[in-house]
Amino acid sequence: MTVLTQTKGKEEAARAMATAVPIAAVIVVASYIGAQMLSDITSLKIGLIAGYAVDMGTFIYPITFTLRDLVHKTLGKRNAQALIVMAAAINLFMAAYLAWAASVPSDPAWGLGAEFSAILGPLWRIVIASILAELVSELVDTEVYHWFVTRITKKYQWARVLLSNSISVPIDNIIFAVGAFGALPFLQDHFLTLPWEIVWQIFVFNLIVKYGMTLISLPLIYLSPNKS
């Protein structure tokens, strides 16, 4: 009876260890979602850097690619894919909730209703282009990262991050720049539509900034040990 009890206890302990979520995983998932939301909100501010217009989310968003790689490393491919889809759904809900909040009549005593609506009321063309770019590029990042660690090597962690980000960041950039500002069919007269040469300038400058931020965030991949 004692042997059976000990065996059962060991099985329960092993099962608990197998299903436990590492603290590092909780931290990196929260960081990923937080960075996604923060970058989408700050994208509403168009700043002027070195004489070039750039949305201020550009300095936060590239970090999410390395965080995604860290999630992949810690929790595996399927969980990383689920997180990407969930982040897109959260950002879409956030935009819809902000739109609803902006539409609610403001208390006259508050006096900032117009400012709230002007700043946080979503521009749906930019919202859709941003979420689509995030979804497609980060799913591509997942496939490239998985291919590297399963077909090439599990060594050189910096190389897997650099390669996956080098492919996914330009994909994100082109989808966003063209979707948000390009003269697409039925959108030639949209107030956000810009000349193609300006769209190309946005693409190039944002790509330089995002790639620079990718290089800065690359060491984050070493925050979690490799899964055995």
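**Exercise 1. Two unusual backbones**

Phe186 sits in the loop between H7 and H8; work out what is special about its phi, and whether Phe186 is buried or exposed.

*Solution.* Before you start, here's what you're looking at. The model is predicted, so local features need pLDDT of at least 70 and side-chain atom pairs count only at pLDDT 80 or more, while totals for chains, interfaces and linings use all residues. Residues are numbered from 1 along each chain as its sequence is written, and side-chain values use heavy atoms, with hydrogens and water left out.

Step 1: check the angle. Phi of Phe186 is near 70°, which is positive in a residue other than glycine.

Step 2: check the surface. Three words help here: buried means under 20% relative accessible area, exposed means over 50%, and partly exposed is in between, using a 1.4 Å probe and protein chains only. Phe186 has a relative accessible area of 84%, so this residue is exposed.

Step 3: try Tyr156 too. You'll find Tyr156 in the loop between H6 and H7. Its phi is positive as well, at about 50°, although Tyr156 is not a glycine. With a relative accessible area of 51%, Tyr156 is exposed.

**Exercise 2. Reading the fold**

Walk along the chain and list how many helices and strands there are, and in what order they come.

*Solution.* Step 1: know what counts. Helices (H or I, at least four residues) and strands (E, at least two) are DSSP runs, numbered from the N terminus.

Step 2: count. The protein chain has eight helices and two strands.

Step 3: put them in order. Starting at the N terminus, the pattern is α-α-β-β-α-α-α-α-α-α.

Step 4: look at the chain as a whole. It has 228 residues, and 38% of them count as buried.

**Exercise 3. One helix up close**

Take H7 and compare its reach with the expected one, then find the residue on which its kink is centred.

*Solution.* Step 1: the expected span of a helix is 1.5 Å times one less than its number of residues.

Step 2: H7 has 25 residues and reaches 36 Å from first C-alpha to last, close to the 36 Å expected.

Step 3: now for the bend, which at any residue is the angle between axes fitted to the seven residues ending there and the seven starting there. H7 has a kink of about 25°, centred on Asn165.

**Exercise 4. Charged pairs**

How many salt bridges are there, and which residues are joined into one network?

*Solution.* Step 1: the idea is that side chains of opposite charge can pair when their charged atoms come close. The rule used is a side-chain nitrogen of Lys or Arg within 4 Å of a carboxyl oxygen of Asp or Glu. That gives four salt bridges.

Step 2: begin at Arg68. Asp69 pairs with Arg68, their closest N and O atoms being 2.6 Å apart. Arg68 also forms a salt bridge with Asp141, again with closest N and O atoms 2.6 Å apart. Arg68 lies in helix H3 (residues 63–75) and Asp141 in helix H6, so this pair ties together parts that are 73 residues apart in sequence.

Step 3: check burial. Arg68 is buried at 0% relative accessibility, and Asp141 is buried at 0% too. Asp69 is buried as well.

Step 4: move to Lys77 and Glu143, whose side chains meet in a salt bridge (3.1 Å, N to O). This pair links distant parts of the chain, with Lys77 in helix H4 and Glu143 in helix H6, 66 residues apart. Lys77 is partly exposed at 23%, and Glu143 is partly exposed at 37%.

Step 5: shared partners join Arg68, Asp69 and Asp141 into one network.

**Exercise 5. The space inside**

Describe the largest cavity: its volume, the residues closest to its centre, and the helix that gives the most to its lining.

*Solution.* Step 1: on a 1 Å grid over the protein atoms alone, a cavity is a set of points where a 1.4 Å probe fits but cannot get out, a pocket is an open set with protein on both sides within 12 Å along at least five of seven lines, and lining residues have an atom within 4 Å of a point. Points are joined across faces, edges and corners, and a volume is the space filled by probe spheres set on them.

Step 2: the largest cavity has a volume of about 350 Å³. Of its 26 lining residues, Ser39, Asp40, Ser43, Ile126 and Ser130 are the closest to its centre.

Step 3: H6 gives the most to this lining, with six residues.
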